[in-house]
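Student: Please take one side chain and give me a close look at it. Then work outwards, so that I can see what surrounds it and how the rest fits in.

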Amino acid sequence: MMAEMTVERPVDAATTAAGDGRRTTDEALRCEGLSVAYGEKQALAPCDMTFAPSTVTALIGPSGCGKSTFLRCLNLMNREIANCHVGGHIWFHGQDALAPGCDVYDLRRCIGMVFQQPNPFPLSIYDNVAYGPRRHRRLSRAQLDEIVERSLRRVGLFDEVKDELKKSGLALSGGQQQRLCIARTLAVDPEVLLMDEPTSALDPISTKMVEGLMRDLARDHTVIVVTHNMQQAERVSNRTAFFYLGELVEVGPTKELFSHPRERRTQDYLSGRFS
Amino acid sequence: MTGVCAAFVVALVLSLIVLVASHGLATFTVDGVSFASFVTGTVWNPHASDASGAPYMGALPMICGSFVVTVLSCAMVLPIAIGCAIFVVEIAPRFGERVFRPITEMLAGIPSVVFGLIGLTVLVPVVRGFAGGTGFGILSGSLVLACMVFPTVVALINDAIAAVPRSYREGSYGLGCTRWQTVLHVVLPSAMPGIMTAIVLGMARAFGEALAVQMVIGNAAQMPTSLFTPAATLTSVLTTSMGNEAMGTVYNDALWSLALILLVMSLVFILIVRLIGRAGKVRGNA
């Protein structure tokens with residue numbers, strides 16, 4: 001699917017002129033001076049961050065700190081909001097996603113998104129998962145069946161729903177709905193998965209399942225997850241980034257950041273001095 | 001006190017139904033016209049009787065006329081209304097709020113006689129121009145009705161589309177779908193119960209509208225065979241004849257029977273709307 005986005009494109013003058021567009025093997029996605037403003041109000045100060053392939057990165061910070069805003073930039077979901085201006089660069093496969101002319105729909109297929117509230121469409125379970133593939137490619141029934149089963153198996157939902165694939169996706173429990181939404185995203189075969197507080201609307205058992213799923217998905221996906229829950233960040237992530245008041249304060253390996261934060265603000269937040 | 005007010009309204013509605021039913025049924029109980037011949041007969045001339053002495057009371061031309069103009073007008077309105085609603089909700093909400101909504105509300109407020117007048121002076125000559133004949137007929141009636149039901153239908157479809165949760169749209173965008181794919185495959189199917197309700201309410205309005213239709217349809221109680229020949233609807237026959245026939249005559253009873261058919265049909269429309277609402281709810285909760 002990514003073939004047309006020139007995976008192995010050599011470094012050329014255009015990309016180096018706009019910034020350092022080189023893609024190394026330990027880089028799935030890189031932001032450079034990424035900033036967001038809603039109208040006049042700056043929501044995110046320019047920040048740099050690199051996401052390695054096959055890792056989970058957690059974005060933590062108090063409410064309104066810009067972590068969700070940051071996440072929603074990465075697949076340009078902010079484009080759907082009027083008055084939202086995104087600056088800087090998002091390098092993905094040697095291309096700047098923010099450059100004019102970049103195909104936002106192609107990008108979103110490669111960088112999938114899972115939302116805070118489970119949001120299955122009011123369609124059957126099958127049609128929910130088949131929704132993305134159907135829009136993007138012409139597939140035979142057998143191919144679709146295969147994609148639906150593979151995606152549902154991947155999130156551990158297939159055995160629970162295999163006899164009622166025709167049932168409405170809204171008839172599932174909250175945790176099942178969220179896994180259905182993850183399956184729906186996986187069905188279009190993304191490389192990067194963005195998750196915006198994917199467990200905040202779920203019960204503890206469903207939360208545990210989704211957390212396990214995140215670690216499992218990180219074997220072949222780059223997972224970036226926003227969470228309010230610091231224990232969750234510790235449990236699932238390889239790297240953690242701390243945002244505060246619209247600014248990326250610090251980012252590092254999760255163990256290091258939690259045990260020896262470099263910044264005073266990180267330390268205060270982790271020790272619960274503010275939230 | 002408030003209970004009395006409510007009881008008064010309920011009693012009013014019930015007595016209204018009883019009144020129409022008692023007069024309307026007199027045709028069959030007192031005047032001895034069979035119900036079957038009333039709804040299937042194609043000759044409408046209650047002043048005259050056939051060889052066996054039974055008056056010519058075939059209401060089928062009017063029943064057909066009513067249904068044809070209703071279906072045609074809604075068929076004309078539906079694609080335009082859906083297109084408008086998509087545009088003002090999904091593409092230009094500001095335009096919708098500031099210009100489109102006030103304009104359609106204005107359209108809804110125009111008295112039906114004005115629509116009839118415009119139909120008579122503008123539409124009928126145009127139809128006459130390209131189709132020949134008098135210009136009065138089903139097509140003119142349907143076009144006038146379409147203008148009249150449009151604001152109702154478009155407002156309801158608007159609400160139905162705007163009520164589709166934002167999260168559905170985000171889910172679709174998040175999968176790399178375009179706005180058009182999102183509208184076609186997520187928004188419209190989700191809004192379908194509301195759109196159905198809009199159509200049925202539009203049909204109910206079209207079915208019951210009298211004055212404007214009467215002014216342009218030609219009022220000839222004959223089976224509609226062409227879009228361009230004069231026809232009649234239940235309502236148009238009622239408005240043209242009611243004032244001329246004395247209470248208690250056979251003709252008058254027959255008109256009440258037409259009114260009863262109208263009433264029953266509008267109750268059926270309300271019932272359909274309820275069923276759609278319930279089906280939508282069941283699907284949402286299932």
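Tutor: Arg179(B) counts as partly exposed because its relative accessibility is 39% (buried is under 20%, exposed over 50%, partly exposed in between, with a 1.4 Å probe on protein chains only). Keep in mind that this is a predicted model: local features need pLDDT of at least 70 and side-chain atom pairs pLDDT 80 or more, while totals for chains, interfaces and linings use all residues. As for bookkeeping, residues are numbered from 1 along each chain as its sequence is written, chains are lettered from A and ligands numbered from 1 in the order in which they are written, and side-chain values use heavy atoms, leaving out hydrogens and water.

Arg179(B) lies in helix H8 of chain B (helices, H or I of at least four residues, and strands, E of at least two, are DSSP runs numbered from the N terminus). Setting aside neighbours within four places in sequence, Arg179(B) is in contact with Tyr105(A), Glu90(B), Ile91(B) and Tyr173(B) (contact means heavy atoms within 4.5 Å). One of those partners, Ile91(B), is 88 residues away along the chain, with 9.1 Å between the two C-alpha atoms.

Now step back to the largest pocket. Arg179(B) is one of the lining residues nearest its centre, along with Glu80(A), Glu90(B), Arg166(B) and Tyr173(B). The lining comes to 15 residues, and the volume is about 380 Å³. A pocket here is an open set of points on a 1 Å grid over the protein atoms alone, where a 1.4 Å probe fits, with protein on both sides within 12 Å along at least five of seven lines; lining residues have an atom within 4 Å of a point. Its volume is the space filled by probe spheres set on the points. Helix H3 (104-110) of chain A, plus H3 and helix H7 (166-174) of chain B, each put at least two residues into the lining. By class, that lining is eight nonpolar, seven charged and no polar residues (Ala, Val, Leu, Ile, Met, Phe, Trp, Tyr, Cys and Pro are nonpolar; Asp, Glu, Lys and Arg charged; the others polar).

Arg166(B) is worth a second glance. Together with Arg72(A), Asp196(A) and Glu170(B), Arg166(B) belongs to a network of salt bridges (a Lys or Arg side-chain nitrogen within 4 Å of an Asp or Glu carboxyl oxygen). Over all chains the structure holds 24 salt bridges. For another example, the closest N and O atoms of Asp220(A) and Arg154(A) are 3.5 Å apart. That pair joins distant parts of the chain, 66 residues apart: Arg154(A) sits in helix H5 (141-154), and Asp220(A) in the loop between helix H8 (204-217) and strand E8 (222-226) of chain A. Asp220(A) is partly exposed at 46%, and Arg154(A) is partly exposed at 23%.

Glu160(A) and Arg179(A) also meet in a salt bridge, 3.1 Å from N to O. Here helix H6 (158-161) holds Glu160(A) and helix H7 (174-186) holds Arg179(A), both of chain A, with 19 residues separating the pair. Don't mix up the two chains at position 179: Arg179(A) is buried at 4% relative accessible area, whereas Arg179(B) is partly exposed.

Back in chain B, helix H8 (179-208) is among the helices that each supply at least two residues of the largest nonpolar core. Such a core is a set of buried Ala, Val, Leu, Ile, Met, Phe, Trp, Tyr and Cys residues joined through side-chain atoms within 4.5 Å. This one has 69 residues, and those touching the most other members include Phe38(B), Trp44(B) and Ile157(B). H11(B) gives the largest share of this core, 14 residues. Ile157(B) touches Leu78(B), Ala81(B), Ile82(B), Ala85(B), Ile195(B) and Ala198(B), leaving out residues up to four places away in sequence. A second, separate core of 41 residues includes Val161(A), Leu165(A), Ile182(A) and Leu270(A).

For a contrast with Arg179(B), try Val213(B) in helix H9 of chain B. Val213(B) is buried, with a relative accessible area of 1%. Beyond four places in sequence, Val213(B) is in contact with Leu145(B) and Thr233(B).
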